[in-house]
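These are my notebook entries on one protein chain. I looked up a few residues, links and spaces, and wrote down what I found.

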Amino acid sequence: MTLPILTAKYQQTVLKKQFLKFYSNLQNAYYSVYADYGMPMECYSVNRGQNNSDGSANVYQSQCPEFWDEVFSKLKVINTCKGRTCIPSYKTDTEVIAAGGSKGNQACPQIYSQAAFNAQGSAYTLYDGSFIYVNTTYPEYGIDINGKKGPNKWGYDVFYIRNLLHKNQIIISDGVCGGMWEKGGMRIKDYLLDNKEYDGNKSIWW
């Protein structure tokens, strides 16, 4: 194999390890909040088709401010920054598609990047340099597992996530549209396929 291919495979391996560590830490925080309250706090969506006859997703967000306060109390947050001024610049939906990337659902509106990193959110930087970008009134959010370090690419170190109710627990899943990834990148479920975090239940993935 050529050097660029080997380099790309090595980078993907490193990022996968980082993603799995980030995912595990965040999911454990969710489980800890659940254990404290004995029930899932209302800051999640229910997969389309489970509740609505039109196939849309129900969103429950009445307890999102309290939920996020509890989650961040379980994590090692070293800095909080309001708005997008302290985070890298990421490609828009149009730029991703034009460069050979893709979405889980091409029919979704071209506002994915804006939804993940909207101007009303805040970036919570963790001890390892990763950050979670959250509008604390909503159960969907953006993450960058590498922070400002890069590559700052969708499907590599940047993802849009939603809280999903599954088996009476809040789990981490792809955001609306089933994720977006730049050429060579992957969806969240692709990072989890060979790991215990993915339970093989395809119905939880868009």
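**Entry 1: Ile 171**

I began with Ile 171, which lies in strand β9, residues 169–174. I take strands (E, at least two residues) and helices (H or I, at least four residues) as DSSP runs, numbered from the N terminus. Before going further I noted that this is a predicted model, in which local features need pLDDT of at least 70 and side-chain atom pairs count only at pLDDT 80 or more, while totals for chains, interfaces and linings use all residues. Residues are numbered from 1 along each chain as its sequence is written, and side-chain values use heavy atoms, with hydrogens and water left out.

Is Ile 171 buried or exposed? Its relative accessible area is 10%, so I entered Ile 171 as buried. My cut-offs are under 20% relative accessible area for buried, over 50% for exposed, and in between for partly exposed, with a 1.4 Å probe and protein chains only.

I then looked up a distance from Ile 171. Gln 27 is 144 residues away along the chain, yet the two C-alpha atoms are separated by 6.8 Å.

**Entry 2: the loop before β9**

Lys 167 lies in the loop between β8 and β9, and Asn 168 is placed in the loop between β8 and β9 as well. I checked phi for each. Lys 167 has a phi near 55 degrees, a positive value in a residue other than glycine. For Asn 168, also not a glycine, phi is positive and near 65 degrees.

I also looked up how far each is covered. Lys 167 has 64% relative accessibility, so Lys 167 counts as exposed. Asn 168 is at 44%, so I entered Asn 168 as partly exposed.

**Entry 3: a cis peptide bond**

Which residues does a cis peptide bond join? I found Gly 150 and Pro 151, with omega at about 15 degrees. Pro 151 sits in the loop between β7 (140–144) and β8 (158–166).

**Entry 4: disulfides**

I counted a disulfide wherever a pair of cysteine sulfur atoms lies within 2.5 Å. By this rule I got 2 disulfides.

One of them joins Cys 43 to Cys 64, with 2.1 Å from S to S. This pair links distant parts of the chain, 21 residues apart: Cys 43 is in the loop between α1 (3–37) and β1 (44–46), and Cys 64 is in helix α2, residues 64–74. The link of Cys 43 and Cys 64 is right-handed, with 95 degrees about the S-S bond. Cys 43 and Cys 64 are both buried.

A disulfide also joins Cys 81 to Cys 86, with 2.3 Å from S to S. Why is the disulfide of Cys 81 and Cys 86 left-handed? The torsion about its S-S bond is about -130 degrees, so I wrote down left-handed. Both Cys 81 and Cys 86 are buried.

**Entry 5: Asp 69**

Asp 69 is placed in helix α2. Its relative accessible area is 58%, so Asp 69 goes down as exposed. I paired Asp 69 with Thr 136: they are 67 residues apart in sequence, and 8.5 Å apart in space from C-alpha to C-alpha.

**Entry 6: Ser 113 and a pocket**

Ser 113 lies in helix α4, residues 112–116. With 12% relative accessibility, Ser 113 counts as buried. Not counting residues up to four places away in sequence, Ser 113 touches Lys 91, Thr 92, Asp 93 and Trp 154. Contact here means heavy atoms within 4.5 Å.

Ser 113 also turns up in the lining of the second largest pocket, with Arg 84, Tyr 90 and Phe 117 among the other lining residues. A pocket is an open set of points on a 1 Å grid over the protein atoms alone, where a 1.4 Å probe fits and protein lies on both sides within 12 Å along at least five of seven lines; lining residues have an atom within 4 Å of a point. The space in the second largest pocket comes to about 170 Å³.

**Entry 7: the whole chain**

How many helices and strands are in the protein chain? I entered 5 helices and 10 strands. The chain has 206 residues, and 47% of them count as buried. Of the contacts with a separation of 6 or more, 64% come from residues 24 or more positions apart.

Definitions and conventions: Points joined across faces, edges and corners; volume = space filled by probe spheres on them.
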